[in-house]
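Please look through the structure below slowly, with the sequence beside it, before you read on. The paragraphs that follow lead you from one part to the next.

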Amino acid sequence: MAERLRIFISSPGDVDAERLRAHLVIGRLARDYARFFNIEACLWEHEPMLASGHFQDAIEPPGAFDIVVVILYARLGTPLPEKTALRSYQGLDGRVPVTGTEWEFEDALSANRARGAPDLLAYRKTGDPGTSLANRQVREEQEHQWQMLEGFWARHFENGGIFLAGSARFATLEEFDAKLESDLTALIERRIKRGEAHETGALWLKGSPFRGLETYEFADAAIFFGRDGEIRTALARLRDAAAAGTAFLVVLGASGAGKSSLARAGLLPGLVAPGAVSAVGLWRRVILRPGHGGEDPVMALAAALVAGPGAAGEGLPELLGAGTEVAALAQHLAAAADDPSFPFRLALNQVAEQARARGAMLAHEQARLVILADQFEDLFSPGILPERRSLFVRILAGLARSGLVHVIATIRNDFWHRAAEVPEFVGLVESGARLDLARPDGAAMIEIVRRPAAVAGLEYEVDVQSGLRLDAVIAAAASQEIGTLPLLSVMLDTLYQRDVAGGGARLLTFASYRALGELRGAIAQRAESVLARLRARDPEAADALPLLLRRMTGISEGAAVARPLAMASMPAGSPQARLIDALLQPDARLLVVNASPSGAEARLAHEALIRNWPRAAAQIAQDQKDHILRARLEAQMAGWREASSADKGRALLTGLSLAEGLDLARRWGPSLDQNLASFIKDSKSAAVATRRRVLAGLALGIPTLILGSGLGTVKAVDYYNNRNVTRVDFADAPVPDGKRADADNYLRLKGIEVSSLSPADSTFVIVSSLDLYGGLVIPKDDKVLTQQAQSRSAPVSFSLTFAKPVKSLKIRRAALFAATASGVTHPAWTVYAYDDHGQVVATGGEPLLYSFKDIPTNTVFLQGPRLIRSVKIISDDRGPTGKPFAGFQAVLIKEIDLIRP
């Protein structure tokens with residue numbers, strides 16, 4: 001059994017933030033050294049304050065502890081009575097009165113002199129604490145406290161430049177955090193070297209201490225390492241935000257940065273740990289993904305709130321009264337979005353009363369709820385209507401401001417620019433807190449690799465020739481990769497499966513590491529191994545992989561992303577169902593299944609799989625244009641669902657959109673989502689009915705003009721001669737000297753205003769082919785509209801606003817010739833169409849093009865459920881390395897067709 005090690009924190013009340021950091025540091029060390037010590041922290045705010053005596057009497061004297069930490073800034077504290085019924089309070093030299101901090105330090109110092117314990121650590125914050133000038137009484141008290149503190153410091157630490165005892169000064173929380181952790185670690189290690197504690201063996205007995213592609217969950221806190229600094233910073237910011245009135249924190253980071261694992265296995269355990277939040281004795285936690293409600297994130301929230309066993313700290317089922325359905329809770333949340341707290345207050349009070357009755361909470365403590373909205377980017381999926389997005393965020397904001405609920409959200413930073421589409425989200429972040437999660441540094445990588453293995457009692461092999469340990473080699477390789485955490489976790493888990501689970505040893509070896517293809521090869525090798533085993537016994541199921549990838553992946557913001565797949569949509573025993581079962585097996589873990597309001601959903605365990613498994617990446621690249629088309633059709637389907645009954649007919653697919661939808665449905669077949677397939681089918685039926693009515697009218701001699709039914713059958717007027725179509729062809733633009741011309745005036749004549757250039761100093765021009773790589777990149781006679789920017793470290797963008805709103809529009813990119821030494825490159829670009837209210841009604845775009853072949857012209861068609869007032873084009877020429885390498889920053893636009901009602 002581990003030895004007990006108790007640490008006492010002593011300070012006045014002006015260093016609350018430092019006390020929280022000290023509590024979190026000790027919590028981390030308690031986990032790190034759990035094989036040697038049972039480390040406990042004692043803080044006065046965690047002790048019961050009894051009315052029967054002085055509060056200092058309720059605190060065990062610091063001299064009885066193993067380590068005492070004193071933290072000071074500008075106060076020394078409140079004087080204690082000279083004597084109480086329990087004990088006398090006086091200084092070492094007999095002086096009275098003394099403050100609580102003085103007495104605690106000197107009690108510990110006296111014990112140290114008598115028995116050599118406890119160890120004492122003293123820290124003083126630097127910087128001017130400021131003085132009140134408006135209130136004389138406050139000013140005098142501040143000055144009095146400062147003089148007492150100066151006297152105490154001179155008496156024990158520094159007097160006239162002479163250092164009497166060891167102490168440390170700090171200016172920031174980060175300095176204090178690092179210094180305290182270093183000092184406590186040194187004291188603990190010293191005790192271990194002196195033989196005061198012995199290792200108890202493996203503490204993790206649940207199999208692999210590495211999660212592979214799976215997210216680290218709440219129960220995995222004991223094996224989640226490498227993010228302690230970020231956890232402490234995040235919890236401190238969340239605490240400050242809660243004190244300011246909005247208990248909200250958003251965690252931003254790149255895909256693969258470990259946001260979900262940080263939130264689930266780091267922040268949640270840290271927040272609900274005893275004493276992490278003053279006066280809170282019990283927490284319930286709720287984890288959801290906004291996309292798990294299908295097209296309604298509010299329903300996803302309601303379902304998550306009441307799911308899970310409350311006895312295990314999960315969910316708040318007490319929100320549902322007898323006979324109340326989840327739908328009713330969702331209706332309440334929607335109706336009282338700005339302040340939905342009433343049933344939460346009742347439910348949490350009920351939880352607190354029950355806990356007090358069974359002795360699990362003190363009388364003064366309260367119960368609280370924390371909600372984790374993980375992968376917040378789900379909110380921007382095409383199927384979720386803008387109104388439901390805003391409503392969902394308003395509900396979270398109302399809860400975060402209620403004083404009852406803490407809210408944490410994670411979001412990929414490549415979706416952050418879309419936050420502007422939900423002003424309520426921007427306001428929530430501004431009034432709450434934010435943590436930008438960077439990739440782990442070298443020291444953190446070592447912890448991620450080494451510490452979980454140590455907890456599980458595993459060892460890494462030492463190379464005989466180099467003397468390097470395998471964990472150092474793996475950590476060094478991981479530090480050189482971008483988005484490496486999923487790769488690293490798969491590698492470590494695969495090593496465990498090979499050497500420990502399969503080999504029966506406790507040593508992770510170089511031979512296995514090399515056989516697996518080292519860091520990058522592990523994820524692909526695992527996937528290929530699973531597929532090969534399946535192919536040997538069930539080739540039909542293995543051959544279903546392309547169809548399954550179509551259903552479980554998509555393109556968003558120019559990058560491949562995972563999509564949920566409803567398990568109910570898979571016929572039992574079908575090839576795809578058998579493939580899913582194989583990918584879910586414990587030795588594969590390439591998929592995970594989660595519950596949602598609409599039933600079980602399967603997802604890729606991590607998006608790293610589709611980036612680092614060549615077979616999957618190739619399939620997605622092959623289907624890329626179809627993925628973009630599907631996203632556009634889904635956005636139009638969402639608009640159709642939002643439309644009123646009178647407008648639903650006009651919101652169906654028509655024209656080119658219908659033709660594209662029919663073609664996609666024909667080619668994809670059962671790979672297409674059933675809801676979208678039905679929408680396309682209904683649109684076709686409506687178009688056929690319209691055609692029949694028109695033909696009937698023509699047979700009766702009724703004059704009719706038709707632009708086209710989408711089936712390519714009737715065209716009464718030439719498309720481009722129609723008065724409702726305006727073609728903006730930049731070949732008409734006067735370009736002096738055959739090079740470039742300012743585009744603003746030319747576009748203004750066409751009823752188009754240019755705005756929102758980013759970067760602001762970029763130039764929006766019409767350029768002839770002669771000015772682009774000597775005319776070798778685009779057709780000889782072409783002139784194109786483009787944006788030229790000085791900076792190539794960030795995306796560029798611009799907006800075009802139409803004097804008269806349009807029903808739809810086409811943007812045609814110029815053809816590209818492979819004439820440069822490195823092949824033609826053209827940046828990824830996305831176009832968003834907005835209505836008069838600034839809501840996105842349609843999207844389109846194109847991924848980054850990199851080819852040694854000629855690339856034909858490409859047309860993006862935009863049509864929404866409402867008229868389009870403006871479009872915004874965002875172009876990013878950064879490739880997979882994050883560094884710019886494309887030949888152009890903005891899309892080379894050859895023509896724009898504006899189709900008006």
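**From the core outwards**

Within the largest nonpolar core, which has 93 residues, L267, Y460, I474 and L488 touch the most other members. A nonpolar core is here a set of buried Ala, Val, Leu, Ile, Met, Phe, Trp, Tyr and Cys residues joined through side-chain atoms within 4.5 Å, and buried means under 20% relative accessible area, exposed over 50%, and partly exposed in between, with a 1.4 Å probe and protein chains only. Helix α14 (residues 485-501) gives the largest share of this core, nine residues. In soluble globular proteins, nonpolar side chains tend to be buried together. If residues up to four places away in sequence are not counted, L267 touches I231, A234, L235, L249, V251, L262 and I408, where contact means heavy atoms within 4.5 Å. Another core, of 52 residues, lies apart from the one around L267, and V306, L333, V351 and L428 are among its members.

This is a predicted model, in which local features need pLDDT of at least 70 and side-chain atom pairs count only at pLDDT 80 or more, while totals for chains, interfaces and linings use all residues. Residues are numbered from 1 along each chain as its sequence is written, and side-chain values use heavy atoms, with hydrogens and water left out.

We turn next to a sheet. Five strands, in the order β9-β10-β11-β8-β12, form an open sheet with parallel pairing; helices (H or I, at least four residues) and strands (E, at least two) are DSSP runs, numbered from the N terminus, and two strands pair if DSSP finds at least two bridges between them. Because β9 (280-288) and β12 (433-437) stand at the edges, each with a single partner strand, one side of each is left without a neighbour in the sheet. Neighbouring strands of this sheet are turned by 20° against each other on average, direction ignored. Eight bridges pair β9 with β10 (residues 366-373) in the parallel sense, and among the partners, L288 is matched in β10 by A373. Helix α10 (residues 386-400) packs on this sheet, touching β8 (248-253), β9, β10 and β11 (405-412), and its direction makes about 140° with that of β11; axes are lines fitted to C-alpha atoms, for helices over the stretch in contact, and angles run from 0 to 180 degrees between N-to-C directions.

Further along the chain, helix α21 (residues 614-622) has A616, Q619 and I620 buried. Seen down the axis of α21, these buried residues fall within an arc of 95°, so they line one face of the helix, the arc being that of the directions from the helix axis to the C-beta atoms. On the other side of α21, P614 and Q622 are exposed.

Finally, consider two charged-looking letters in the sequence, E895 and R727: which is buried and which is partly exposed? E895, found in strand β31 (residues 893-899), counts as buried at 9% relative accessibility, whereas R727, in strand β20 (residues 725-729), counts as partly exposed at 30%. The side chain of E895 makes a polar contact of 2.3 Å with that of R812, and a polar contact of 2.9 Å joins the side chains of R727 and D897. A polar contact is a pair of N or O atoms within 3.5 Å; within protein, one must be able to donate a hydrogen and the other to accept it, and residues adjacent in sequence count only if both atoms are side-chain atoms.
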